[in-house]
Amino acid sequence: MASLLPSSPSSCSTSSSSSLLYPRSFSRRFIHHYSRIPASHNTIRCEISKSLSGKPLVPIINDGVLPNFMQAGRMNNTVINGRLKIFSGTANSELSQEIARYMGLDLGMIKIKRFADGEIYVQLQESVRGCDVYLVQPTSPPANENLMELLVMIDACRRASAKNITAVIPYFGYARADRKTQGRESIAAKLVANLITEAGADRVLACDLHSGQSMGYFDIPVDHVYCQPVILDYLASKSICSNDLVVVSPDVGGVARARAFAKKLSDAPLAIVDKRRHGHNVAEVMNLIGDVKGKVAVMLDDMIDTAGTISKGAALLHEEGAREVYACCTHGVFSPPAIERLSSGLFQEVIVTNTIPLKEQHYFPQLTVLSVANLLGETIWRVHDDSSVSSIFT
C-alpha cells in the first residue's frame, strides 16, 4: 500500500488544510464516517445532519462515490435479484440500518423477543429459502445475551432453508481468551467459535479481532475486516503535520498493529509503552521505548475496555513531553470507569468506531465515533458477489 506522503515543514506551519495526504487506494470518498460530538465542538467544520436514531452526526465525507476499482461487479443482476438478505439483531440495530442503507437494501423482517424468564425467541417474518443471509449482531455487552441471540438467529435461518448464513460480528466477544497463559484456564474464543459453527453459520465476517489466531478457531471461512482505513481517513482530514506524528503501541502485544498503522501514516516513528499487568483489567505502566518529546502521539489499540492501559500510557507520554495525545481504537467497550479516565484531560481526542453501540452516558466532549457501515457493506457485497475482499485493504 502506498504510504501517506509527509508534507514539507513550511506547509505544516502555514497551511490550514490537512497536511496528511491519504493513499490513493483508500480514497476519502470511499467510507462514510461520522463524529458524534456536542454542537459546541467546532474542530470539524461541516453541516450537521440527523442519523436514523435522531442523534446528531457530523458527516465528514458525504458524496458516496467509490474508487474505480470498487465499482466492478456492483449493482448487477447477481446482487439485486433478491437473494441477498440482511437481518439485524438487537445489539446494534443502528449500524445494521446504516449498512443496509449503504447497500440500497431494506433490513429483513425478523421478530425477536424475550420470554418472562429471559429466554430468547426468534422468528423470521419473510422467506429466506435459497437466499444468502447476513446476520448483523456484535457480541458486545451484555455479551452472553447477544451471543445467545446470534446463535438462535443462525438456527432460525438454518431451519428456514437459507442457502448460506454469514454471521456479521462487528465486535467478537471472548476474543481476549484466545490462549492459555496460566494453568487451568479456558480458551473461550475457541468455544464461542465452535458454538457459532455448530449453530449453522457458513461464514463469519468480523472486525479487528483481538488476535489473528482467532480466525483459526473457526472451522468455517472467516473474513477479517480491518477498520484502520476509517481511522486513517479521519486522521488525514486533520491539520497535523506528518513530521510531528509518532504512533504509540500501549503494550508490547500491539506492536505489529501499531507498526502497520505507522507505515501508512507517512512511515511515522513508533514508540512502545512497556507495561506489567498484574491481573485482568489491571495494568501498571513501567517505561517508554522511543521518543515522543514535542510530538503528537497517536495511541492505537483494538479496544478500550476500562481504559486503564491507555490512560496510564497517556499520562506517561505527557511526562515524556508529548504535545498532544490521541487515542484510537476500533471497539469502544467503555466499562466503568473508562469514561472518567478518558475525559480526564489526558487526551486531545478519543477516536472509536461504531462496532459497539454507545449509550448516551458514554458520550464526552473528546469522543469521536466513526462509522464502519460502508466498509462492512462493501465487504458484504464482495462476499456475495464472490469478489476479492482483501483488495479493499491493499
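Strands β5 (residues 110-114) and β6 run antiparallel in this predicted model, and five bridges join them. Within the pair, K113 stands opposite Y121 of β6. The hairpin that the two strands form has five residues between them, and in it G118 takes a positive phi near 95°.

Strand β6 covers residues 120-124, and its side chains alternate. I120, V122 and L124 point to one face, where they are buried. Y121 and Q123 point to the other face and are not buried. This follows a general pattern: in a regular strand the side chains alternate between the two faces of the sheet. Y121, the residue that K113 faces across the pair, thus belongs to the face of β6 that is not buried.

The next topic is a pair of helices. Helix α5 spans residues 228-236 and helix α6 spans residues 255-264. Their axes come within 11 Å and cross at roughly 45°. An angle from 35 to 65 degrees falls outside the parallel and perpendicular ranges, and α5 and α6 are therefore oblique to each other. The crossing of the two helices is right-handed. On the α5 side the contact is made by Q228, I231, L232 and L235, and on the α6 side by R257, A260, F261 and K264. By class, the residues of this contact divide into five nonpolar, one polar and two charged.

The loops hold some backbone features of their own. The peptide bond from P141 to P142 is cis, with omega near 0°. P142 lies in the loop between β7 (132-136) and α3 (143-159). A cis bond also leads from P336 to P337, again with omega near 0°. In this case the loop that holds P337 runs between β15 (324-332) and α8 (338-342).

Positive phi values also occur at residues that are not glycine. R184 has a positive phi of about 65° although it is not a glycine, and its place is the loop between β8 (164-169) and α4 (188-199). Is R184 buried or exposed? Its relative accessible area is 83%, so R184 is exposed. D386, which is not a glycine either, has a positive phi of about 55°. D386 is found in the segment after α9 (373-384). The relative accessibility of D386 is 72%, and D386 therefore counts as exposed, the cut-off being over 50%.

Methods. Residues numbered from 1 in each chain as written. Predicted model: local features only at pLDDT ≥ 70, side-chain atom pairs only at ≥ 80, totals over all residues. Heavy atoms only, no water. Axes fitted to C-alpha atoms, helices over the stretch in contact; angles between N-to-C directions. Helix = DSSP H or I, 4+ residues; strand = E, 2+ residues; numbered from the N terminus. Parallel < 35°, antiparallel > 145°, perpendicular 65-115°, else oblique. Left-handed = near helix turned anticlockwise from the far one by under 90°. Contact = heavy atoms within 4.5 Å. Nonpolar A, V, L, I, M, F, W, Y, C, P; charged D, E, K, R; others polar. Buried < 20%, exposed > 50% of the residue type's maximum accessible area, 1.4 Å probe, protein only. Pairing = 2+ DSSP bridges.
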